[in-house]
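Dear colleague,

Please find below the structure that I am passing on to you. My notes on it follow.

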Amino acid sequence: MPVTNPTQPVYFTTPLLPVARVFHQIRATATDRTLLQRQLGYSQASITRHVGALINAGLVEEVRSSVDDGTKAGRPRTGLSIDGRHLTAWGAHIGVNSTEIVVSDLAGRVIRHETLDIHVPGSTSSEILGTVSDALTQLGAGLPEPVNVGVAFSAHVDRDGLITSDSYGWENADVGADLSAVLGRPVSIGTGVAAMAGTEIIESPLQASEQPAPSTLYFYAREVIAHAWIFNGAVHRPHTGRSPAAFHPENSTGSHPLSTTKTLQKAHEQGIRARSLAELVHLGSTRPVARKILDDRATALGDAVASAIDVVDPDTVVFAGDAFTTDPAGLRIVVERLRSRSSVGGQLRIQRADQHILRTAAIQVALHAVRQDPLSHV
């Protein structure tokens, strides 16, 4: 039977439904009923009702633990944690030169994962999506059918669910419809950097107070240079639906001048035959020319981020992508560039995303609908 595919990409935000907020808080804090009532500001009856519904659905389980109160045995109490081990979701993050695919349970715990060496440029969207769909089907073989499938892209997904990307070589690719047609089920889609930023929301406990949540700039640098803003518990969606151009030089086509591919090309032009960024970083410890190429890239990235911070003044900046995870010395240069700007306040928190952020972004897209309305997906 044909599947009706949603055309709009996922909008990453904190949950609004009370039962979804309870589900979120249990996952984020491994709390108990008493703390839930205090943290979320709900009545005891509401907490009991929502927790009971989540337990009956197999999404939450009670955990007996012991609290150290100074006595020999301690006082037993009943905590809550996410269950959902019997349910799965499929996720993928399609990058320019590699793709991460993953099967997780509904707590976001990884069951299986694989990295695919897929080079997107030069292939049609249908070819790439067909390959990824086949790989997901094989990865999930023998496991329960997924409650949802989510695919994130390094390229920007506009508000109609279409991708136009020089890096990918795609024009108005209707990725959601293509994926749904191949997989025979609805598929959630999203822009990768927005999904990465969404992990910051998912990992943060909710507050009962009405104070605004901290603002965050999420900056990604690998083959694609991209960013996303988090304001008041939601990842900002561009008003026009177009890809934000703050870090893109005018009249540039193909790979971004600061991408890993362009960085390696510059090294090759100067006689340094590094085949990967990790190899170039290693050579930089003994060859000053290699280190200068990396430092110049880091300086340009730092100046770009500082310009954005000048305008919005966020609480936190998070860096993701191999420009930072593979090159710690480059990250230090970026941080120094930020700290040297008088407009960057001393309270700015700067942190690096974990090295598995692409896999996490795939899970985020796959599970976001479940986290927004958990009882409707079981």
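Is E62 buried, partly exposed or exposed? The model is a predicted one, and in it E62 has a relative accessibility of 46%. A residue counts as buried under 20% and as exposed over 50%, so E62 is partly exposed.

**Salt bridges**

Side chains of opposite charge can pair when their charged atoms come close. In this model the count comes to 11 salt bridges, and three of them are described here.

E62 forms a salt bridge with R33, and the closest N and O atoms of this pair are 2.9 Å apart. E62 belongs to strand β1 (residues 60-67) and R33 to helix α2 (residues 33-40), so the salt bridge ties together parts that are 29 residues apart in sequence. R33 is also partly exposed, because its relative accessibility is 29%.

A salt bridge also joins the side chains of R85 and E61, with 2.9 Å from N to O. This pair again links distant parts of the chain: R85 is in the loop between β2 (75-82) and β3 (88-94), while E61 is in strand β1, 24 residues apart. R85 has a relative accessible area of 48% and is therefore partly exposed. For E61 the relative accessible area is 23%, so E61 counts as partly exposed too.

The side chains of E145 and R185 meet in a salt bridge as well, at 2.6 Å from N to O. E145 lies in the loop between α4 (125-139) and β6 (146-153), and R185 lies in the loop between α5 (175-183) and β9 (187-191); the two residues are 40 residues apart. E145 is exposed, because its relative accessible area is 54%.

Some salt bridges share partners, and in this way E61, D83 and R85 are joined into one network.

**Packing of two helices**

How do helix α1 and helix α3 pack, and at what angle? Helix α1 (residues 18-29) packs against helix α3 (residues 44-56) at an angle of about 75°, and their axes are 10 Å apart. Angles of 65 to 115 degrees count as roughly perpendicular, so α1 is roughly perpendicular to α3.

On the α1 side the contact is made by P18, V19, V22 and F23, which meet I47, H50, V51 and L54 of α3. Sorted by class, the contact of α1 with α3 has 7 nonpolar residues, 1 polar residue and no charged residues.

Yours sincerely,
A colleague

Methods
Residues are numbered from 1 along each chain as its sequence is written. This is a predicted model: local features need pLDDT of at least 70, side-chain atom pairs count only at pLDDT 80 or more; totals for chains, interfaces and linings use all residues. Side-chain values use heavy atoms; hydrogens and water are left out. Axes are lines fitted to C-alpha atoms, for helices over the stretch in contact, and angles run from 0 to 180 degrees between N-to-C directions. Helices (H or I, at least four residues) and strands (E, at least two) are DSSP runs, numbered from the N terminus. Angles under 35 degrees count as roughly parallel, over 145 as roughly antiparallel, 65 to 115 as roughly perpendicular and the rest as oblique. Contact means heavy atoms within 4.5 Å. Ala, Val, Leu, Ile, Met, Phe, Trp, Tyr, Cys and Pro count as nonpolar, Asp, Glu, Lys and Arg as charged, and the others, Gly among them, as polar. A salt bridge is a side-chain nitrogen of Lys or Arg within 4 Å of a carboxyl oxygen of Asp or Glu. Buried means under 20% relative accessible area, exposed over 50%, partly exposed in between (1.4 Å probe, protein chains only).
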